[in-house]
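I wanted to look up how some of the helices pack in this chain, and I kept notes as I went.

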Amino acid sequence: MRISLAKLWVTPAPLSLPRHTNIASFVGCRYNRIMAESASTNTNKKLVRIDISSDTVCPWCFVGKKYLDKAISASKDQYDFELHWRPFQLDPSAPKEGIDKREYYIRRFGPSAEQKHAHMAEVLKGLCLEYNMSGLTGNTMDSHRLIYFAGQQGHDKQHNLVEELFLGYFTQAKYIGDRDFLLECANKAGIEGAAEFLQDPNNGLKEVKDEINTYSGNISGVPFFVINGRNKLSGGQRPEVFLRAFQASTS
């Protein structure tokens, strides 16, 4: 099931390093990946690589992550996982300075906005989370730059950062464009050098735009999951759907 923007609230060779790559972190990342692949061989586990196109203000992306985490937890004895979060912007023209969430969504979705918020509140309640519609929303580019930077330090750190960003925005009324909030999330995820990286608005910008073109240019909505380059899923799929996709992509 593909989620369009309009239905977002109702539809479940030589080594070349990026300019801002930390060498020690890159080597560590490579080492961790080699070890994971080695562990997969030694324990007969199969490797499942998942590329996830997502936006940090997309509620179904948060739901999809939670269901994916459940599926991973239920099958970690069978598979090793390598997750890559890829950028997508639902509204690239959203203001960087931020705008009241309710005002923004009423403007975009009209009178049905409150009903859609209520539906999402019920979905998140089922995940033991309290949906908070207070605060600001706005442009997500800085959060995607930070997610890209986290990925240079390890896939686990990137995954943990995405969790912190989702939790802050959807349950704590944090603004996704606020520098202090982004740095708080980076600190919780154990990311080093985030303040210096974000200080220059050009850091990671080209890389994020390239990833949008490469991984998200041919999709119309998020979340969008590509599993081992073979199986594709869209929307906030339930854990059992992911489990079937894991099996299909490794058989």
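These entries follow two helix pairs, the nonpolar core and one serine.

**Entry 1, helices α5 and α6.** I kept in mind that this is a predicted model. I looked first at α5 (residues 141-151) and α6 (residues 155-171), whose axes come within 8 Å and cross at roughly 155 degrees. Angles over 145 degrees count as roughly antiparallel, and α5 and α6 are therefore roughly antiparallel to each other. I noted the crossing of α5 past α6 as right-handed. On the α5 side I listed Ser143, Leu146, Ile147, Tyr148, Ala150 and Gly151 as making the contact, and on the α6 side Lys157, Gln158, Leu161, Val162 and Leu165. Sorted by class, this contact has seven nonpolar, three polar and one charged residues.

**Entry 2, burial of α5.** I then asked how many residues of α5 are buried. The count is 11 of the 11, so α5 is largely enclosed by the rest of the structure. I noted that the buried residues of α5 include Asp142, His144 and Arg145 as well as Leu146, Ile147 and Phe149.

**Entry 3, the core and Leu161.** Next I looked up the largest nonpolar core, which has 66 residues, and found that Ile50, Leu161 and Phe246 touch the most other members. Helix α2 (residues 59-75) gives the most to this core, with eight residues. I followed Leu161 further and, leaving aside its neighbours within four places in sequence, found it in contact with Leu146, Ile147 and Ala150, and also with Cys185, Ala186, Ala189 and Ile191. For background I wrote down that in soluble globular proteins nonpolar side chains tend to be buried together.

**Entry 4, helices α2 and α10.** I turned to α2 and α10 (residues 239-250), which pack at an angle of about 55 degrees with their axes 8 Å apart. That angle makes α2 oblique to α10, and α2 passes α10 in a right-handed crossing. From α2 the contact takes in Gly64, Tyr67, Leu68, Lys70, Ala71, Ile72 and Ser75, while α10 brings Pro239, Phe242, Leu243 and Phe246. By class I recorded eight nonpolar, two polar and one charged residues for the contact of α2 with α10.

**Entry 5, Ser249.** Last, I asked whether Ser249 is buried or exposed. Ser249 is found in helix α10, and with a relative accessible area of 4% it is buried. Not counting residues up to four places away in sequence, I found Ser249 touching Ile227, Asn228, Arg230 and Asn231.

Notes:
Residues numbered from 1 in each chain as written. Predicted model: local features only at pLDDT ≥ 70, side-chain atom pairs only at ≥ 80, totals over all residues. Heavy atoms only, no water. Axes fitted to C-alpha atoms, helices over the stretch in contact; angles between N-to-C directions. Parallel < 35°, antiparallel > 145°, perpendicular 65-115°, else oblique. Left-handed = near helix turned anticlockwise from the far one by under 90°. Contact = heavy atoms within 4.5 Å. Nonpolar A, V, L, I, M, F, W, Y, C, P; charged D, E, K, R; others polar. Core = buried A, V, L, I, M, F, W, Y, C linked by side-chain atoms within 4.5 Å. Buried < 20%, exposed > 50% of the residue type's maximum accessible area, 1.4 Å probe, protein only.
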